[in-house]
Amino acid sequence: MPISVDPGISKMELALAARNHGMPLEALTYDVTPAGLHYLLIHYDIPQVAVGSWTLTVDGAISRPLALTMEDIKSLPQVTERVTMECAGNGRARLDPRPIGQPWLDEAVGTAEWTGVRLVEVLMAAGLEDGAIEVLFSGMDRGVEGGYEQPYERSLAMGDASRPEVILAHSMNGQPLLPQHGFPLRLIVPGWYGMTSVKWLHRITVLTEAFQGYQQSHSYRIRTQEEEPGEPVSRILPRSLMIPPGVPGYPDRERFVSAGEVTIRGRAWSGFGPINRVEVSVGDGGSWIDANVEPATHHYAWQSWHHIWNAAVGSYVLSSRATDATGLVQPLDPVWNLGGYLVNATQSVTVTVTDRSAASAR
């Protein structure tokens, strides 16, 4: 039987989905996501960079402009941060009406170990001048958006840029960055949505006025009408995802498990602090049940959780929701906005429980 395509999904969105990819949810089993499974979003084209001729320029409101080679960067004290990164548009495809853009469901996430140098050390080496209020990060990727050609650029307030965990990363999971992940250098801002971690970085500019570029003043803002200024997207809201139990149907991906004791496992994270509660619902008319949450071992990386379910034959919709240490809780329903950002509503997984003995007899 031919598979129909939702007529509401445009060729443009299908093209985006073909060049970007989410993390298969079964990869939640990894503490650190293999680079090839980590989610990927590329706004423009992947630039081809020869590391031998590449330099990082640091300029603007500083007393000592810098031009750093990769050797220079690697000669500085190195740090490694384990970070869960999530796309700000994760969940966009579940909104109705659906905002136009990369049609993410739940899979735009991954956790990697990033190695590089603390950004604040580079800024201090450059010598900040009085009046410096923001740091602008410019990638080598270029495209046309909002009616004009531009590089991908975003800024951080000086206080956010100076956090010790913000790094300029040259390696991912112990290996040089892959081209699609920002080779040879990218920014990593733990706890913030992925749009902040500028890839293919080649210039850092210290500003005395707020940056008004497209990605800062127009994109990645929460608004319901085009004319609204909106609130900027920043830190990651709490989210829990479960590893889909059992085996999948094809092509609908619904799950099948045998009756009896089923261990439901997953991960949860928040950019505002550790997760201190995950609740599970098995959709049988019962209430939410507390799962067992493993303590945080890395401040900005996801935490494991599990719940043992005594599954009886039937059809169920499994859900999980997270609460972080600040009291933020995942909502049950998504909140619509024009860009389809911050959609952290609870995940639902349809599961059919079959009789174990009957399945064995076949």
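**Cavity**

I started with closed spaces in this predicted model and found one cavity of 30 Å³ or more. The largest cavity holds about 210 Å³ of space. I listed its lining next and got 20 residues, with Leu41, Arg186, Gly194, Ser197 and Lys199 nearest the centre. By class, I have eleven nonpolar, six polar and three charged residues around the largest cavity.

**Largest pocket**

Then I went to the open spaces. I noted about 1,100 Å³ for the largest pocket. Its lining runs to 30 residues, and Arg94, Leu105, Glu107, Asp252 and Arg253 lie nearest the centre. Which strand gives the most to this lining? I found that strand S22, residues 347–354, does, with four residues. The class split for the largest pocket is 13 nonpolar, seven polar and ten charged.

Arg253 caught my eye again when I checked the backbone. Its phi is near 70°, a positive value in a residue other than glycine. I placed Arg253 in the loop between strand S14 (247–248) and strand S15 (255–258). With a relative accessible area of 44%, Arg253 is partly exposed.

**Second largest pocket**

For the second largest pocket I wrote down a volume of about 670 Å³. I see 28 lining residues here, with Ile100, Gly101, Glu145, Ser219 and Tyr341 nearest the centre. Helix H1 (11–19), strand S5 (134–145) and helix H5 (214–217) each put at least two residues into this lining. Its residues come out as 14 nonpolar, nine polar and five charged.

**Aromatic rings**

I searched the whole structure for aromatic pairs and got four. I looked at Tyr39 with Trp104: the ring centres are 6.1 Å apart and the planes stand at 85°, so I logged the pair as edge-to-face. Planes over 60 degrees apart count that way. Tyr39 comes from the loop between H1 and strand S1 (56–60), and Trp104 from the loop between strand S3 (79–86) and strand S4 (109–118), so this pair ties together parts 65 residues apart in sequence. Are the two residues buried or exposed? I have both Tyr39 and Trp104 down as buried.

I also checked for charges over rings. Arg321 lies over the face of Trp288, 4.2 Å from the ring centre.

**Helix H3**

Next I went through helix H3, residues 119–126, and marked Leu119, Val120, Val122, Leu123 and Ala126 as buried. Looking down the axis of H3, I see the buried residues fall within an arc of 160°, so they line one face of the helix. Just after H3, I noted Gly127 with a positive phi of about 80°.

**Odd backbone spots**

I looked up cis peptide bonds too. The bond from Asp96 to Pro97 is cis, with omega near 0°. Pro97 sits in the loop between S3 and S4, and I had already met that loop with Trp104. The bond from Phe183 to Pro184 is also cis, with omega near 10°. I found Pro184 in the loop between strand S8 (175–176) and strand S9 (186–188).

Last entry: Asn173. Asn173 is not a glycine, yet I read a positive phi of about 55° for this residue. I traced Asn173 to the loop between strand S7 (167–172) and S8. Its relative accessible area is 26%, and I have Asn173 down as partly exposed.

Note on methods
Residues numbered from 1 in each chain as written. Predicted model: local features only at pLDDT ≥ 70, side-chain atom pairs only at ≥ 80, totals over all residues. Heavy atoms only, no water. 1 Å grid on protein atoms, 1.4 Å probe; cavity = no way out; pocket = protein on both sides within 12 Å on 5 of 7 lines; lining within 4 Å. Points joined across faces, edges and corners; volume = space filled by probe spheres on them. Nonpolar A, V, L, I, M, F, W, Y, C, P; charged D, E, K, R; others polar. Phe/Tyr/Trp six-rings, centres within 6.5 Å; stacked < 30°, edge-to-face > 60°. Buried < 20%, exposed > 50% of the residue type's maximum accessible area, 1.4 Å probe, protein only. Lys NZ or Arg CZ within 6 Å of the ring centre and 35° of its normal. Arc of directions from axis to C-beta.
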